[in-house]
Amino acid sequence: MLMFCIGQLLNLDTGNRDGQNLVTEDVTVVEGDVATISCRVKNSDDSVIQLLNPNRQTIYFRDFRPLKDSRFQLVNFSNSELRVSLTNVSISDEGRYFCQLYTDPPQEIYTTITVLVPPRNLVIDIQKEIAVEGEEIELNCTAMASRPATTIRWFKGNKELTGKSEVEQWSDMYTVTSQLLLKVGREDDGVPVICLVDHPAVKDLQTQRYLEVMYKPQVRVSQNYPVQGLTREGEPLELTCAAFGKPQPTDMRWLRVDDEMPQHVVVSGSNLLISNLNKTDNGTYRCEASNAVGKSHADYMLFVYDPPTTIPPPTTTTTTTTTIPTTITDSRAGEEGSIRSVDHAVVGGVVAVVVFAMLCLLIILGRYFARHKGTYFTHEAKGADDAADADTAIINAEGGQNNSEEKKEYFI
């Protein structure tokens, strides 16, 4: 038997040097599936083909099956190929299978069957079923009895997280446990934590657990009235307090920070009402809410403005004066509007006075120029008034012009 094995090895080595006629491929199969082994001959010379198992027991000799294992079935037989299927593959079937060709010398080649085993169970354990915001909790995901060892990935929602894995081997199987430390907040409540497996035998194998996180109330104060937001003296004010938490807040109350609550303030559940605001109501009003986790609050700063004012428009020349009342939403904005209206009236009055004064000045200057122009013509013809005849008047007039240096005229 020993000499036969040595001879087979020598023959195999010789075949490799001379060019092997046998061809086969390795097979990888998932446990429970079907593996197909093929022994093919490149250049057939009608030699006998047979298939042997890892224990060197003949499975098929040509188209005859000596091995009494019905899981092996003949798929194809010819002078150039022997193809056999193996159903319901298990770990015990893993190993080398030999194809032999009875030539001179005999030829032999082997194919390897590798059996993959997917994880049999995938479980997430959470250290605390219900966590409180700010706590760090521990999650463990275990993938049992896989081959090869699996890779575990963690996700919180769509975000991938990093865990720490440990591998234990039992016989030919591997058990992998991955640990994840997670600090939770209120935003994590109801978010799924997913344990996903990367393994060649399976796709999309995962399990998940939903986080349950308790958190203290979140408080918000809103102003129902006045709608425009400006709080004025004499007007009402209504506030509403809303609180959300897990568990839902059971205790809610209003208070005034650094002062006592005014007696005229009405508190009804989550609402606060002041029917008639005045300046003494100025201050900070706080809504507090609490649950089993803790207490939270929200503040509202109240500033009471002056009541609305009315501004009369500038009067006209008619005897009837109409005053149009205008409601101002902001006391400070009203004062600015009043100042702008008064400024416009003053500017208009000043312009009217200036125009009137200029008109009066033009009239006076016109009359003055008209009167002095007549005086000028009178002095110019004074030499002609004393002449006895026309010729003498002309001469006197010309002489008056020649002696103009002795006369003085004033023109204003």
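The following dialogue explains how several terms are applied to this predicted model.

User: What is the make-up of the protein chain in helices and strands?

Analyst: The protein chain has 3 helices and 25 strands. Of its 412 residues, 32% are buried.

User: Why is E108 called buried?

Analyst: Buried means under 20% relative accessible area. E108 has 8% relative accessibility, and therefore it counts as buried.

User: Why is R56 called partly exposed?

Analyst: The term covers values between under 20%, which is buried, and over 50%, which is exposed. R56 has a relative accessible area of 39%, so it is partly exposed.

User: What makes the contact of R56 and E108 a salt bridge?

Analyst: A salt bridge requires a side-chain nitrogen of Lys or Arg within 4 Å of a carboxyl oxygen of Asp or Glu. The side chains of R56 and E108 meet at 2.9 Å, N to O, so the pair satisfies the definition. R56 lies in the loop between β4 and β5 and E108 in strand β9, so the pair ties together parts that are 52 residues apart in sequence.

User: How do you know that K246 and E212 also form a salt bridge?

Analyst: The closest N and O atoms of K246 and E212 are 3.9 Å apart. The limit is within 4 Å, so this pair qualifies. K246 stands in strand β20 and E212 in the loop between β18 and β19, 34 residues apart. K246 has a relative accessible area of 23% and is partly exposed; E212, at 33%, counts as partly exposed.

User: How many salt bridges does a search of the whole structure find?

Analyst: The search finds 20 salt bridges. One of them joins R153 and E160 at 3.1 Å, N to O. Salt bridges that share partners also join D69, R71 and D93 into one network.

User: Why do β19 and β20 count as paired strands?

Analyst: Two strands pair if there are at least two bridges between them. Strand β19 (residues 213-225) and strand β20 (residues 237-246) have 8 bridges, so they count as paired, in the antiparallel sense. Y225 stands opposite E238 in β20.

User: What makes β11 and β22 edge strands?

Analyst: They belong to an open sheet of 5 strands in the order β11-β19-β20-β23-β22, with mixed pairing. The edge strands β11 (131-132) and β22 (266-268) each pair on one side only.

User: How many residues lie between β6 and β7 in their hairpin?

Analyst: The hairpin of β6 and β7 has 3 residues between the strands. These strands pair in the antiparallel sense over 5 bridges, and the bridge partner of L74 is V84 in β7.

User: Which residues touch the most other members of the largest nonpolar core?

Analyst: Of the 26 residues in this core, A35, L51, I59, F72, L82, Y97 and I113 touch the most other members. The largest share, 4 residues, comes from β3. Beyond residues up to four places away in sequence, A35 touches V27, V29, V84, S85, L86, V89 and I113. A second, separate core of 20 residues includes L122, I126, L161 and V184.

User: Why can L359 belong to a surface patch?

Analyst: Patch residues need over 30% relative accessible area. L359 has 47%, so it passes this cut-off. L359 lies in helix α2 (residues 331-380). Together, V347, V351, V355, L359 and L362 make a nonpolar surface patch of about 460 Å².

Notes: Residues numbered from 1 in each chain as written. Predicted model: local features only at pLDDT ≥ 70, side-chain atom pairs only at ≥ 80, totals over all residues. Heavy atoms only, no water. Patch = residues over 30% accessible without salt bridge, like charges linked within 9 Å, V, L, I, M, F, W, Y side chains within 5 Å. Areas by Shrake-Rupley, 256 points an atom, 1.4 Å probe, with all protein chains shown as cover. Helix = DSSP H or I, 4+ residues; strand = E, 2+ residues; numbered from the N terminus. Buried < 20%, exposed > 50% of the residue type's maximum accessible area, 1.4 Å probe, protein only. Core = buried A, V, L, I, M, F, W, Y, C linked by side-chain atoms within 4.5 Å. Contact = heavy atoms within 4.5 Å.
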